[in-house]
Each structure stands twice: as C-alpha cells, then as structure tokens.
Amino acid sequence: HSVFPTVTRVNASSYSSGSYPGTHGLMGNTVYFPAVDPTKGLNTGDYSDLNKIASATNGHLLTAVTLGEVLQKAGKKMMVFSSGSTGQAMMQNHTVSGGAIVNPGLILPASFKETYIQEVGPIPAKAKPNAGQHKWVTDGLIRYGLTLDGPLVSAIWFSDPDGTAHSDGIGAPSSMESIKIVDAEFGRILNTLKEKKLEGHFNIVISTDHGFITNVGKESLTEFLIDNGFKKDKESEDVVVAEGAIYVKDHNQEVIGKIVSALQAQEWIGGVFTKGKSPGDMKGMVAGTLSFESIHWNHPERSADILVDENWDERKNEKGYAGMSFSRGVAGHGGLSPYETHIALLAAGPSFKKNFESDLPTSNVDIVPTILAIHNISIPSDMDGRVMTELLNGKFTNNKIKPKKEELTATTQFTGGIYTLTLDRTILGKYQYVNFAKVVRKLDK
C-alpha cells in the first residue's frame, strides 16, 4: 500500500520513518507552516523550502525518528541515490545521519560533492525520459553501495516513470520507454551483484511511492472556495489550501461545516475527512466525513481542518488503462483510488523466502521495521509499521493472524441528494491498511 495522501514526499517520509503522516508530520507534497508563510503552502520537492520548515520548527522537519538516524546510533551508515526532486531525496534521510544523499540537485554532505563527481562523473542534464540521471545515480550505487565495507543500507529512487507519465500519460510510448530504461538500470545492479558474487550478502526490497491514474478534472479547490465566498482571494489568510488540505483561520467550526457541506455536493469531490471528536473516533466531527485517524493523517499539530480527495471512477484511457480521477492535468496521483494506493512489493536475498507469495497487506511504513529486524537493531516504539515476518527466513515466525476487511461509512444530505463516503480498509491485528475510498451520491428525483 502507498500511504495516503499518495504523493511522493509523504511516502518518502513514511518509507524513511516507518510511520504515517499522523506520526511523522510531513502532511503532503505541499504543506502549510504559517510561521514560514501564512498565505500559502510550501513545496516539499524543493530542499530549500524543507530547510525553511526545519528552521521554523527547531529542527523538527519530521516528528518521527528515521532509518538513517537509527542506523547512525547503531554505528551504521545509509546512502541515498535519487534522480528525483531534491526534496524527495532529502526526505529519505533528512538529517543526513551517518551517510550521504546523492541527487543531481543536491549532494550532502557538501564535502562529498567534488569527490562524487570526480569518481562517478559530471551531473547529466535532466531529460524525458531521464536516462542520463538514472544511469548517474546507478553508477553511484554500484560504486559506493555494492561493496561489503559500504553502507549497511543503500536506497535508490528513480524519477521515472513518474516524471514522464505526469506529462505524457499512462501507456504513452515515452512512459513505456521510461520503464524500460529504469528496468535496464536495475538490471545493472543485479548483474553487478552476480559478477562480484555478492548475492548472498545483499537483500533487495522494491517498492514505489504510489500508483498512477489518468486525470480528467477541470476544477480547482482554491478557485471553488473563492468563487463560493469562503476565501477572499488567492493570497488571503482566512482559508489556506495546500493541495487537498484546507486550513481555516481560528479553526472556525461554522466555516468548516459550510465548506464541507458545499464540497459534498460537488461531483468532482470524493472523500472528505475532518478531525474526530475524540481519539479513536472513525467518524469526523462534521456530518458525512470520516476522521483523519481513519486514514492515519491525525497529526496533533500539523493536520488541517479539512482534507479533500478528488473523485474517481473506473473508465479506461485511450491506451486501455483503467482509472480516471477528477484531478487536473494529464495523469498523476495523490488520491484514494485503488489505482493510486495499491503498489508493488518485491523482495529477494538471503533474509527472504524464495518463490513465495503472500496475501497479507503491507505498506511503505513496513519496510524500515523489517530492515531493522533483519539486522537485529532495536525498532523505535513509536514506529507505525510492522515487521513483515511472513516474508522472512529463519528465526522470524509469522503469527498467523488472518486479515479481515472493514468498511467505514459516513452519510449526510446535501441540497439535491445524499452523500455517502465509504472507506475500505484491511485489518491485520493492530494494523490498519487503507485500500481505497469511494463516494456515492444519490440525487433527489
């Protein structure tokens, strides 16, 4: 499972911390910190904006410990290699604890930059597909990571097919070519391990930050709020929008209720979420909404007043790929459709079972606890993820808990009909995995 919101920096943070946004505090690709800018959100894809947040929060860019920090405490290192945005690279090890970050726009520590370029080569220009930069970061992983005296954990993150599919669409020739290019780079990693006879010394875990869906929307959440009198203008502080998160000045409950009611009547709006009345509540405090806690977005300080998801359906695009969202643009992600939340997980190596397939739910938050368990490193008690014991060899035994499906619903009337939100989740013991949300509107005759 991708973590909702199914966007890049949320999942980079969830992967690195083993926790959901309700714990780690990075709430979206765009986030609102009024101490930095009271009028608009900040772009977490830009490491300079992340540095502003870190400065404003006394170093608490995240409110959870990360894999890099845990490894440093254990005397181990982690290296990150990324051909994506500087922000995405940084969020994989934002304190650069005991290791390094390598990205075309950001190499940390700064003292490593000259060495890396001398030993690996100059930084290639960005392209679509981004073949040159993919090769450049793979060269780095092979040089520094695939050696027994290298970092305990190396992470590589390719910007494709995401970068190409955003502009050209799912199934476009360029998008398909970008997958082949990334696949070839991964093949180089496998071949190097084989040539060096290192297969028995390295585990490989493959995941992604999100799925993808074709976009057909024309509406803007900010423009809707302005047009309907809830927000004065794009720069006003009365209501601030950061992607699907809506922050209402002074948490005015009357205004929050009116905004929610207006949104629930719109066909292009999907699930609407608000704070629960008390801890543990799955229903939101506004009629027809579910709580932030039901989707792991219940951060005590950084949650908005309202979180909005665009609606989706199962139509196919011109290439035959199912899933269409009422978001704007060509294709993308961020929503609660199954096309965006369900992603791949593959693992191989000496710690993992061979020729085995599991039907138990997993999430990006489960990767870090599993890595720590493999290396007998203590797992921080506040990590949200679990150890994927069902995939592991040897001393790890699966507790045989069976998953069960759960549906949470919230219903309310709007002018002209009834709005029903259903959240589909899978429960595995104390862990809850969010599968998708679906909205049905029954119009008055």
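**Exercise 1. Helix α11**

What span should the 12 residues of helix α11 (residues 253-264) have at 1.5 Å a residue, and how far apart are its end C-alpha atoms? Describe also the cap and the buried residues of α11 in this predicted model.

*Solution.*
1. The expected span is 1.5 Å times one less than the number of residues, so the 12 residues of α11 should span 16 Å.
2. In the model, the end C-alpha atoms of α11 are 16 Å apart, which agrees with that expectation.
3. At the N-terminal end, N252 acts as the cap of α11: one of its side-chain oxygens lies 3.0 Å from the backbone nitrogen of E254.
4. The buried residues of the helix are I256, I259, V260, A262, L263 and Q264.

**Exercise 2. Strand β13 and its partners**

Determine how strand β13 (residues 306-310) is covered and how β10 and β11 pair with this strand.

*Solution.*
1. Of the 5 residues in β13, 4 are buried, and the strand is thus mostly covered.
2. Strand β10 (residues 245-248) runs antiparallel to β13, with 2 bridges joining them. Within this pairing, I246 is placed opposite I306.
3. Strand β11 (residues 269-274) is also antiparallel to β13, and the two pair over 4 bridges. Here F273 has L307 of β13 as its bridge partner.

**Exercise 3. The sheet that contains β8**

State the strand order of the sheet that contains β8, identify its edges, and examine the pairing of β8 with β15.

*Solution.*
1. The sheet is open and consists of 4 strands in the order β14-β15-β8-β16, with mixed pairing.
2. Its edge strands are β14 (312-316) and β16 (331-332), each of which pairs on one side only.
3. Strands β8 (residues 213-215) and β15 (residues 322-325) are parallel and pair over 2 bridges. N215 has S325 in β15 as its bridge partner.

**Exercise 4. Two loop residues**

Is T39 buried or exposed, and is S337 buried or exposed? Give the location and surroundings of each residue.

*Solution.*
1. T39 belongs to the loop between β1 (30-31) and β2 (42-43). Its relative accessibility is 16%, and the cut-off for burial is under 20%, so T39 counts as buried.
2. The side chains of T39 and D37 are joined by a polar contact of 2.7 Å. Leaving aside residues up to four places away in sequence, T39 touches Y32, K234, E235, S236, E237 and V240.
3. S337 lies in the loop between β16 and α12 (338-341). With a relative accessibility of 0%, S337 counts as buried.
4. A polar contact of 2.4 Å links the side chain of S337 to that of E340. With residues up to four places away in sequence again set aside, the residues touched by S337 are I213, W312, N435 and F436.

**Exercise 5. The chain as a whole**

Assess the overall dimensions of the chain, then its burial, contacts and surface.

*Solution.*
1. The secondary structure comprises 13 helices and 20 strands.
2. The chain has a radius of gyration of 22 Å, close to the 22 Å given by the globule rule for 445 residues; the chain is therefore as compact as a globular protein of that length.
3. Along the principal axes, the C-alpha atoms fill a box of roughly 70 × 50 × 50 Å.
4. Of the 445 residues, 54% count as buried.
5. Among contacts with a separation of 6 or more, 62% come from residues 24 or more positions apart.
6. The accessible surface comes to about 19,900 Å², and 51% of this area belongs to carbon and sulfur atoms.

How values were computed
Residues are numbered from 1 along each chain as its sequence is written. This is a predicted model: local features need pLDDT of at least 70, side-chain atom pairs count only at pLDDT 80 or more; totals for chains, interfaces and linings use all residues. Side-chain values use heavy atoms; hydrogens and water are left out. Buried means under 20% relative accessible area, exposed over 50%, partly exposed in between (1.4 Å probe, protein chains only). Two strands pair if DSSP finds at least two bridges between them. A polar contact is a pair of N or O atoms within 3.5 Å; within protein, one must be able to donate a hydrogen and the other to accept it, and residues adjacent in sequence count only if both atoms are side-chain atoms. The radius of gyration is taken over C-alpha atoms; the globule rule is 2.2 Å times the number of residues to the power 0.38. Contact means heavy atoms within 4.5 Å. Accessible areas come from the Shrake-Rupley method with a 1.4 Å probe; for residues, only the protein chains shown count as cover.
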